[in-house]
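Please look over the following structure with attention to how its strands pair and how its aromatic rings are arranged. The briefing below goes through these topics in turn.

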Amino acid sequence: MAGDDMFNLLSLIFRYFFILIIYLFILGIIRLIYFDIKSMSDVMDHYPYLKLINRKDQLPFKIKEVYTLEDSMTIGRKKENDVTINDPYVSNEHLEITLDEEEYFVEDLDSANGTYLNGDRIMDIIKLKNGDRIKFGQVEFLYVRND
């Protein structure tokens, strides 16, 4: 009889311990989600920005999900660019996004594989509009500007 009481007590202790571990795990996940959302809202205060449309885990290289736009920024494979993307289909100096009179413009820098805006290859400097999709190499970004 004493053995059964000891077994029941240990069983009860392990059950509550296991439940505590599950709650701590869920709390940790909620905390990560909170910090992820908080960091996104910090970026969204600095409009405009480029938001990665691709799933990050399906790309064979590292890339950030959000890039805040500066007055002028170049994107390409070389480290000298403002944004470096180690995609083999991206040229060393692939494209440039510039601010002119409160509007952003995208220009392909004679890249080998081209830059596409909303599915069409760009051949000239094009003014960006909120919601435009910019695709080059294996990546596609959404241009976000909330005025």
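In this predicted model, S6 pairs with strand S9 (residues 126–127) in the antiparallel sense over 2 bridges, and Val 106 has Ile 126 as its bridge partner in S9. Strand S6 itself spans residues 103–108, and S6 is also joined by 6 bridges to strand S5 (residues 95–100), the two running antiparallel.

**Strand S6 and its hairpin**

- S5 and S6 form a hairpin with 2 residues between them, and Glu 101 in the turn has a positive phi of about 50°.
- Across this hairpin, Thr 98 finds its bridge partner in Phe 105 of S6.
- The side chains along S6 alternate, with Tyr 104, Val 106 and Asp 108 pointing to one face, where they are buried, while Glu 103, Phe 105 and Glu 107 point to the other face and are not buried.

**The six-stranded sheet**

- An open sheet of 6 strands is arranged in the order S2-S1-S11-S10-S7-S8, and its pairing is antiparallel.
- Because S2 and strand S8 (120–121) stand at the edges with a single partner strand each, one side of each is left without a neighbour in the sheet.
- Strand S7 (residues 116–117) pairs with S8 in the antiparallel sense over 2 bridges, and within this pairing Leu 117 has Asp 120 of S8 as its bridge partner.

**Aromatic pairs**

- Searching the whole structure gives 3 aromatic pairs; in one of them the rings of Tyr 67 and Phe 141 have centres 5.7 Å apart and planes at 75°, so this pair is edge-to-face.
- Since Tyr 67 belongs to strand S2 (residues 66–68) and Phe 141 to strand S11 (residues 139–144), the pair ties together parts that are 74 residues apart in sequence.
- Both Tyr 67 and Phe 141 are buried, and ring pairs link these two residues with Phe 136 into a cluster.

**The chain as a whole**

- The secondary structure of the protein chain consists of 1 helix and 11 strands, and from the N terminus on the helix precedes the strands.
- The radius of gyration of the protein chain is 24 Å, whereas a compact globule of 147 residues would have a value near 15 Å, and the C-alpha atoms fill a box of roughly 85 × 35 × 30 Å along the principal axes.
- Of the 147 residues, 28% count as buried, and the protein chain exposes about 10,300 Å², of which carbon and sulfur atoms supply 57%.
- Among contacts with a separation of 6 or more, 37% are accounted for by residues 24 or more positions apart.

Key
Residues numbered from 1 in each chain as written. Predicted model: local features only at pLDDT ≥ 70, side-chain atom pairs only at ≥ 80, totals over all residues. Heavy atoms only, no water. Phe/Tyr/Trp six-rings, centres within 6.5 Å; stacked < 30°, edge-to-face > 60°. Helix = DSSP H or I, 4+ residues; strand = E, 2+ residues; numbered from the N terminus. Buried < 20%, exposed > 50% of the residue type's maximum accessible area, 1.4 Å probe, protein only. Pairing = 2+ DSSP bridges. Rg over C-alpha atoms; globule rule 2.2 N^0.38 Å. Contact = heavy atoms within 4.5 Å. Areas by Shrake-Rupley, 256 points an atom, 1.4 Å probe, with all protein chains shown as cover.
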